[in-house]
Amino acid sequence: MRQTILYAGLLLALLVAPWIGYPVFLMKALCFALFASAFNLLIGFTGLLSFGHAMFFGFAAYVAGHAAKVWGLTPEVAILCGTLSATGIGVLTGWLAVRRQGIYFAMVTLALAQMIYFLCVQAPFTYAEDGIQSIPRGQLLGVIGLGDDMVMYYFVMAIFVAAFALIYRIVHSPFGQVLKSIRENEARALSLGYQVDRYKLMAFVLSATLAGLAGATKTLALGLATLTDVGWQMSGEVVLMTLLGGMGTILGPSVGAIIIVAMQNYLADLGSWVTTIMGATFVVCVLVFRRGIVGEIAHRFERKA
Amino acid sequence: MTELFGVPIQALLGQLMLGLVNGSFYAILSLGLAVIFGMLNIVNFAHGALYMVGAFFAWMLLNYAGINYWAALVIAPLGVALIGVVIEKTMLQWLRQLDHLYGLLLTFGLALILEGVFREFYGSSGLPYDLPDVFKGVFDLGFMMLPKYRIWVIVMSFVLCLFTWYVIEKTKLGAYLRAGTENAQLVQAFGINVPLMITLTYAFGVGLAGLAGVMAAPIYQVSPLMGSNIIIVVFAVVVIGGMGSILGSILTGLGLGLIEGLTKVFFAEASTTVVFVIMAIVLLLRPAGLFGREK
C-alpha cells in the first residue's frame, strides 16, 4: 500500500515537473535515469559488473540520430532502430562476455566497449569528432510535432515510465528471482538445474536493449549524438550513478542519475574538477556508503520496522 | 629484397620495432597488474593513472628542478610507490573482506581523481620530454635505422620483467608472496607479516607502472590522458593472457605489441581494434585465457 502511494506520488511529480523545472534538463535526467536503471538490472539483480555499457547507449544514440536525420524516419521508428542496434551488439558482446566471471567480466566488457568506441571513431556515419548534430525531433507517428520542449518531455516521460515498469516487472518475475539467485550463489543456481549462462545472457541483452532505448531517446531529446556517449567515461558515469543511488534497489539508479546530471549541470564551469569530484564520489561511496542513498534509506526503515 | 608483401622492409621493421616498444609497456603494466591481483585480489584500475603520474613526475623533476632522466628513473617510481603505500594503507586495506568489484570501483575513482587533477593543471594536449643526449641518434645497421632510445626501452623492460619473474619465482621473498596468495591466514600463522607484504606488493606493482611512465615520457607526449588510453588495452592483454602467470603476462604483452605493429603496416585502420578482436577470439577458443587456469 505504502509502495503504491510512493509510485503514484512519483508519477504525479513527473507530470508536474516540467511546469516547475527546465524541460530539457529533465529529459536528460530521465534518459540517464533509464540508462542507470537498465545498468542496475545487471549489476544490482544479476551481480554482473559491466564496465562497457556506454557502447549500447552511445551506439544506439548514433543509429537513432542517423535514422532520424539521414533516413528521415519518424521519431518512434528512429528510437526503435537505435534500440534494436543495441540489442544486436548486446547479443554479440554478451555471448562473449558471459564466458568469464567476476572481475574478468568487467574487463571484457570494458575492452569490447573500447572496440565499439574505435569503430565509431572511424565509421563515416558518426562524423568522428563532430558527432551527429542538429538531429530533428520530427513528428510522432508522422502527426504530432515534437519540436516543442513540453510535448517532447511528455513523450520522453512516457518512454521512461513504460521502461521503468518493464524493469520493475522483470525484477519481480520468476525470471528475476532466478537472476537474484545467480547473484547470491551462482554455483547453487547451477546445481539446481538453471542454465546460468543463458540467464546471464538474457539479462545482459535486456539490459543492453534498455540502455540503447535510453541512448536513442536522449539523442532525439537533445538533438545530438557524439563520441562522449560511447566513451569509457560514460560507462564509468553510469556505474557511479547506480552506486551512488543504491545498487540492487529499484529507485536508486534514478536518484543517482538525477544527482549526477544535476551536478554536471551546475558544476560545468569547474572544468576538469568535475572529473575529480566524480572520482572522489566513487571513493567515498565505496569506502563508507556502499548501500547508496536509496539503499541506506531502505535499510533504516527496515531496522525500525 | 627490399619489399615483403608489397611493403618496404624498412617500414616493416620500423613498425615491428615500435610494436616491440609498445609491447614492452604492455608487458610491464600487465605484469604489475598480475602481481597486485595475485596478492590483493584487486584489479588496479588506477594502474594507468599511476603510469601517467610517473611520467609527470619525470617531467616535473626535469622542468622544475633540473633533475635529469637518470635520477628521475629512480625518484619517480619511488614517489609513485609511496602514493601506492598511502592508497593501500588508507583505502584498499578496508576492502579486503568485500567483493572484488569494490576494489575495481575504488581504484577507478582514484584514476578519475588523478586524471582530473592533472588535466586541470596541465591541460590535455601533452608536453614534450627531452631525450637525454646519450640517446639521441640512431644505430645504422645498413638495412635499417635503430633509434637508440627505443633499444634502451626494450632492453630495460626485458631486464625489469626478468627481475620481477626471478624475485617472485626463485627467491624466498617470492615464495612467501606466492604462499600468501594461496593462503594468507596460514602464512600469517607462520609469523610472516602479511599486511606489510600486501602493502609492499601494491607499492612494488604501482612503482613498476611509475617506472614505465618515466620510460614512456620521452617517446610519447606526457599527457594526463596517457594512462586511460593504455590501461584499457592492458586490460584486454590481461584477459588474453590470464593473470595467473607472470611469464604469461610478459609474453602476451610483447606479442600483442608486435601484432599491433604488424597491423599498422598491413591494415592501418584496424590497428586500434586488433587487440580487442584477438581478445574476442581468445574468449571463444580458450575462455580462461592463453596462460590462465579456471578458478
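B:His100 is partly exposed, with 31% relative accessible area. This value, like the others here, comes from a predicted model. The residue belongs to helix H4 of chain B, which spans residues 100–122. Its contacts reach across chains. Leaving aside neighbours within four places in sequence, B:His100 touches A:Ile103 and B:Asn41. Another part of chain B is also worth locating from here. B:Phe37 is 63 residues away from B:His100 along the chain, yet their C-alpha atoms are separated by 9.9 Å.

Follow the contact to B:Asn41. This residue sits in the loop between helix H1 (9–40) and helix H2 of chain B. Its backbone stands out: phi is positive, about 60°, although the residue is not a glycine. B:Asn41 has a relative accessibility of 36% and therefore counts as partly exposed, because that value lies between the 20% and 50% limits.

Now turn to the empty space inside the model. Rolling a probe the size of a water molecule over the atoms shows where such space is left. The structure holds 2 cavities of 30 Å³ or more. The largest has a volume of about 70 Å³. Both chains take part in its lining. Chain A contributes A:Trp232, while the lining residues from chain B include B:Phe45, B:Met52, B:Leu112, B:Glu115 and B:Ile231. Three helices of chain B each supply at least two lining residues: H2 (47–65), H4 and H9 (226–241). H4 is also the helix that holds B:His100. By class, the lining has 8 nonpolar, 3 polar and 1 charged residues.

The second largest cavity has a volume of about 40 Å³. Its lining is made by A:Ser37, A:Asn40, A:Leu41, A:Phe45, A:Phe164, A:Ile167, A:Thr249 and A:Ile250. Helices H2 (23–43) and H6 (149–171) of chain A each give at least two of these residues. H2 of chain A provides the largest share, 3 residues. The classes here are 5 nonpolar, 3 polar and no charged.

Two lining residues of the largest cavity lead on to the aromatic rings. A:Trp232 and B:Phe45 both line that cavity. They also belong to a cluster linked by ring pairs, together with A:Phe51, A:Phe282, B:Phe108 and B:Phe235. The cluster thus draws on chain A and chain B.

Over all chains, the count comes to 31 aromatic pairs. One of them joins A:Phe32 and A:Phe57. Their ring centres are 5.3 Å apart and their planes meet at 40°, so the pair is tilted. It bridges distant parts of the chain, 25 residues apart: A:Phe32 is in helix H2 of chain A, and A:Phe57 is in helix H3 (residues 54–69) of chain A. Both residues are buried.

Chain B offers another tilted pair, B:Phe56 with B:Phe118. Here the distance is 4.7 Å centre to centre, with 35° between the planes. The partners lie 62 residues apart, B:Phe56 in helix H2 and B:Phe118 in helix H4 of chain B. B:Phe56 has 0% relative accessibility and counts as buried. B:Phe118 is buried too, with a relative accessible area of 10%.

What of the cysteines? A disulfide is a covalent bond between the sulfur atoms of two cysteines. The count comes to 0 disulfides over all chains. Why does A:Cys31 have no bond to the closest cysteine sulfur? That sulfur belongs to A:Cys81 and is 17 Å away, which is too far because a disulfide needs the sulfur atoms within 2.5 Å. A:Cys31 itself is buried, at 3% relative accessibility. In chain B, B:Cys161 is buried as well, with a relative accessible area of 5%.

A lysine closes the tour. Is A:Lys200 buried or exposed? A:Lys200 is buried, with a relative accessible area of 2%, because buried means under 20%. It is found in helix H9 of chain A, residues 196–222. Not counting residues up to four places away in sequence, A:Lys200 touches A:Leu48, A:Val98, A:Gln101, A:Ile182 and A:Glu186.

Terms used. Residues numbered from 1 in each chain as written. Chains lettered and ligands numbered in written order. Predicted model: local features only at pLDDT ≥ 70, side-chain atom pairs only at ≥ 80, totals over all residues. Heavy atoms only, no water. Helix = DSSP H or I, 4+ residues; strand = E, 2+ residues; numbered from the N terminus. Buried < 20%, exposed > 50% of the residue type's maximum accessible area, 1.4 Å probe, protein only. Contact = heavy atoms within 4.5 Å. 1 Å grid on protein atoms, 1.4 Å probe; cavity = no way out; pocket = protein on both sides within 12 Å on 5 of 7 lines; lining within 4 Å. Points joined across faces, edges and corners; volume = space filled by probe spheres on them. Nonpolar A, V, L, I, M, F, W, Y, C, P; charged D, E, K, R; others polar. Phe/Tyr/Trp six-rings, centres within 6.5 Å; stacked < 30°, edge-to-face > 60°.
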